[in-house]
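Reader: Please take a close look at the largest pocket, and then at what else can be said about the interior of this protein.

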Amino acid sequence: MSRPELVLASASPRRVELLALVGIKPDRIEPADIDETPLAGETPPRLAARLAVGKAGVVAERAPDAIVLAADTVVSVGRRFLEKAADEAECVRFLKLLSGRGHRVYTGVAVAKGGQVRHRVVETRVTFKVLSDAEIADYVASGEWKGKAGGYGIQGRAGAFVTRLVGSYPAVMGLPLYESVNLLQGAGYRGMGYRS
């Protein structure tokens, strides 16, 4: 192989799809299993950075000659974290909290190569319209919220809830493309470009 192997440290199909938009196809997908519990007093952007760096580091230890890309998304309302909803009842609580107000999405992205890890955190501000009980019930019934930070996926039905977005749409989906490409290029990755 003329370039180092690119390993995506994530099982998220959305991240694979986003990379494909800019002509990047990971050679391998190897999710990192780390404890994602916030530390005492940890802010949302620091958590996003720590988790992205941690995931990249864990996978880089197993693939020391590869370039490893990892990311993590944290949704917050004030200093409150909205992690992946555990069940329908928690998803309903999240959506009621987000209804009619703004929240912040922090996406950390990290690239590891040769024992070094570089990272960035992207902040995006998102505002939801006021959601009716019927809209919340329909969204929860759709199942789209499963496995998504904050209990929603902006690329699906919840896109109709967004009245304002300031920042990076792909970051809210799970991977800021501009920052990811810059970090990969900085690590010497030369695999960009559409493939036929």
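Author: The account below starts with the largest pocket, then turns to the largest cavity and two single residues. This is a predicted model, in which local features need pLDDT of at least 70 and side-chain atom pairs count only at pLDDT 80 or more, while totals for chains, interfaces and linings use all residues. Residues are numbered from 1 along each chain as its sequence is written, and side-chain values use heavy atoms, with hydrogens and water left out.

The largest pocket has a volume of about 590 Å³. A pocket here is an open set of points on a 1 Å grid over the protein atoms alone, with protein on both sides within 12 Å along at least five of seven lines; lining residues have an atom within 4 Å of a point. Grid points are joined across faces, edges and corners, and the volume is the space filled by probe spheres set on them. The lining has 33 residues, and Arg15, Asp72, Thr73, Lys84 and Gly147 lie nearest the centre of the pocket. At least two lining residues each come from helix H1 (13–21), helix H2 (44–62), strand S3 (67–77), strand S4 (80–82) and H5. Helices (H or I, at least four residues) and strands (E, at least two) are DSSP runs, numbered from the N terminus. S3 gives the largest share, five residues. By type, the lining divides into 18 nonpolar, seven polar and eight charged residues. Ala, Val, Leu, Ile, Met, Phe, Trp, Tyr, Cys and Pro count as nonpolar, Asp, Glu, Lys and Arg as charged, and the others, Gly among them, as polar.

The structure also holds one cavity of 30 Å³ or more, where a cavity is a set of points at which a 1.4 Å probe fits but cannot get out. About 50 Å³ of space lies in the largest cavity, and its lining includes Val111, Lys113, Gln116 and Arg118.

Helix H5 (residues 169–173) contains valine 172. Valine 172 is buried (under 20% relative accessible area, 1.4 Å probe, protein chains only), at 11%. Its C-alpha atom is separated by 6.2 Å from that of valine 105, 67 residues apart along the chain. Leaving aside neighbours within four places in sequence, valine 172 is in contact (heavy atoms within 4.5 Å) with residues including Val105, Tyr152 and Leu165.

Glutamate 90, in helix H3 (residues 88–98), is buried yet has no salt bridge, meaning a side-chain nitrogen of Lys or Arg within 4 Å of a carboxyl oxygen of Asp or Glu. The nearest side chain of opposite charge, arginine 93, is 4.2 Å away.

How values were computed:
Buried means under 20% relative accessible area, exposed over 50%, partly exposed in between (1.4 Å probe, protein chains only). Lys and Arg count as positive and Asp and Glu as negative; His and the chain ends are not counted.
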